[in-house]
Amino acid sequence: MDRALLAALNKERAARRAAVVVTELASGRQRLVREADVGADPLAELVEKVIRSGKSGISQTDAGEVFVNAHLPPARIVAIGAVHISQALAPMARIAGFDIEIIDPRTAFASKDRFPGVPLHAEWPEDVLKTRPFDPYTAVCVITHDPKIDDFPLISALNTGCFYIGALGSRKTHARRVERLVAAGISQSSIDRIEAPIGADIGAANPGEIAVAILSSVIAAFRKREMFAERRGETAAA
Amino acid sequence: MSETLTELDVLKTAERWAGEGRALALATVVETWGSAPRPTGSHLVIDAEGNFEGSVSGGCVEGAVVSEAIDVIEAGEPRMLEFGVADETAWRVGLSCGGRIRVYVEKVN
């Protein structure tokens, strides 16, 4: 592997963008294909398939055996709201293998004592997202109940195409939320991507159980690769 | 990414070692059959002194990969290695899990 290729690959990984390394096994020739450039690659279809499935492997091509290695960003969860549910969600998410961070401008909630060792932003989502924007490999869970805090990141998540978007609140709360989103010019198909009430329907009744329900939904969205199907226009929600 | 995971990031380690002027090889699992311990795409980075980071198996074949990698660093040409129960006569090491893996070893230039 060329050092410049290695550095370029690590740059994509650090920026949380998908990239693949294509190696022609007979000659040892190698190239880096960035997610944005897949269409221009001679093996576009194969590379796209590997990115979509996340499964690296060897294929027979006109150039002989090639190994296509997918480097996908690790999935992360961003919780808007340093609430009781997030306190349960943070350790569970980590055990399940997700990075997690929490945003809540209310400093009484977003305190280190309540979230030991968890990346915490005691700022408005508007400000945090300026330097740490969402990406398609991010699951966004808005759980403050407060439209002043929740609505901005919710709209940002929809515009970004985050692989999972959930919003806490009763059906009544969500109906009002939908009215606000419609008024903000968000399309119905986008609004339909929001899981509300948030989390898998397991009858969760307390913060810990709701955290389990949320994590279940996030895992389902990630492992079933719904995000790629949507981005390719294979579902109605695209 | 959490701090621990960053420390264990094989490709970042490879870039750092290369930046220190160390001669390196990168080993990658390119194919697996049966119950292989590490998935396709897993990396192991090795320097000329035999220091390594990462894994291509659960520790079963790393020793053999490291010694092959040192040869690859010297020779410069990539090599394909195969490990598994079927190759016990060819290799003194194998995978106790009964799986088989192919590992591509290349120099980092």
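This report walks through a predicted model with chains A and B, starting with chain B, then the contact between the chains, then a sheet and some backbone details in chain A.

**Chain B in outline**

Chain B has three helices and five strands. Read from the N terminus, its elements go α-α-β-β-β-α-β-β. Of the 109 residues in chain B, 43% are buried. Sequence distance tells a bit about the fold too: if you take the contacts in chain B between residues at least 6 apart in sequence, 51% of them join residues at least 24 apart.

**Where the chains meet**

How many residues does each chain bring to the contact? Chain A gives 18 residues and chain B gives 19 residues. On the chain B side, helix 2 (10-19), strand 1 (24-33) and strand 5 (100-108) each supply at least two residues. Helix 2 of chain B has the largest share of that side, with five residues. Sorted by class, the chain B side has 10 nonpolar, five polar and four charged residues.

Now zoom in on one pair of helices. Helix 1 (residues 3-14) of chain A packs against helix 2 of chain B at an angle of about 135°, and the two axes are 10 Å apart. Are these helices parallel or oblique to each other? With that angle, helix 1 of chain A and helix 2 of chain B are oblique. Their crossing is left-handed.

Which residues do the meeting here? From helix 1 of chain A come R3(A), L6(A), A7(A), L9(A) and N10(A), and they meet L11(B), K12(B), A14(B), E15(B) and A18(B) of helix 2 of chain B. By class, this helix-to-helix contact is made of six nonpolar, one polar and three charged residues.

**A sheet in chain A**

Chain A has an open sheet of four strands, in the order 2-1-4-3, with antiparallel pairing. Strand 2 (30-34) and strand 3 (57-61) of chain A are at the edges with a single partner strand each, so each has one side without a neighbour in the sheet. From one strand to the next, the twist averages 25°.

Take the strand 3 edge of chain A: strand 3 and strand 4 (residues 64-71) pair in the antiparallel sense over five bridges. One residue to look up is S59(A), whose bridge partner in strand 4 of chain A is V66(A).

Helices pack here as well. Helix 1 of chain A, already met at the contact with chain B, lies across strand 1 (19-24), strand 2 and strand 4 of chain A, and runs at about 20° to strand 2. Helix 2 (residues 44-53) of chain A packs on the sheet too, touching strand 1, strand 2, strand 3 and strand 4 of chain A, and its direction makes about 40° with that of strand 4.

**Backbone details to look for**

Most residues other than glycine have a negative phi, and most peptide bonds are trans. Chain A has some exceptions. The peptide bond from A196(A) to P197(A) is cis, with omega near 0°, and P197(A) sits in the loop between helix 7 (188-191) and helix 8 (207-223) of chain A.

Two residues other than glycine have a positive phi:

| Residue | Phi | Loop in chain A | C-beta neighbours within 10 Å |
|---|---|---|---|
| R16(A) | near 60° | between helix 1 and strand 1 | 19 |
| H145(A) | near 75° | between strand 8 (138-142) and helix 5 (147-160) | 14 |

With those neighbour counts, R16(A) counts as partly exposed, and H145(A) is partly exposed as well.

Definitions and conventions: Residues numbered from 1 in each chain as written. Chains lettered and ligands numbered in written order. Predicted model: local features only at pLDDT ≥ 70, side-chain atom pairs only at ≥ 80, totals over all residues. Contact = placed C-beta atoms within 7 Å. Nonpolar A, V, L, I, M, F, W, Y, C, P; charged D, E, K, R; others polar. Axes fitted to C-alpha atoms, helices over the stretch in contact; angles between N-to-C directions. Parallel < 35°, antiparallel > 145°, perpendicular 65-115°, else oblique. Left-handed = near helix turned anticlockwise from the far one by under 90°. Pairing = 2+ DSSP bridges. Buried ≥ 20, exposed ≤ 12 C-beta atoms within 10 Å, placed from the backbone.
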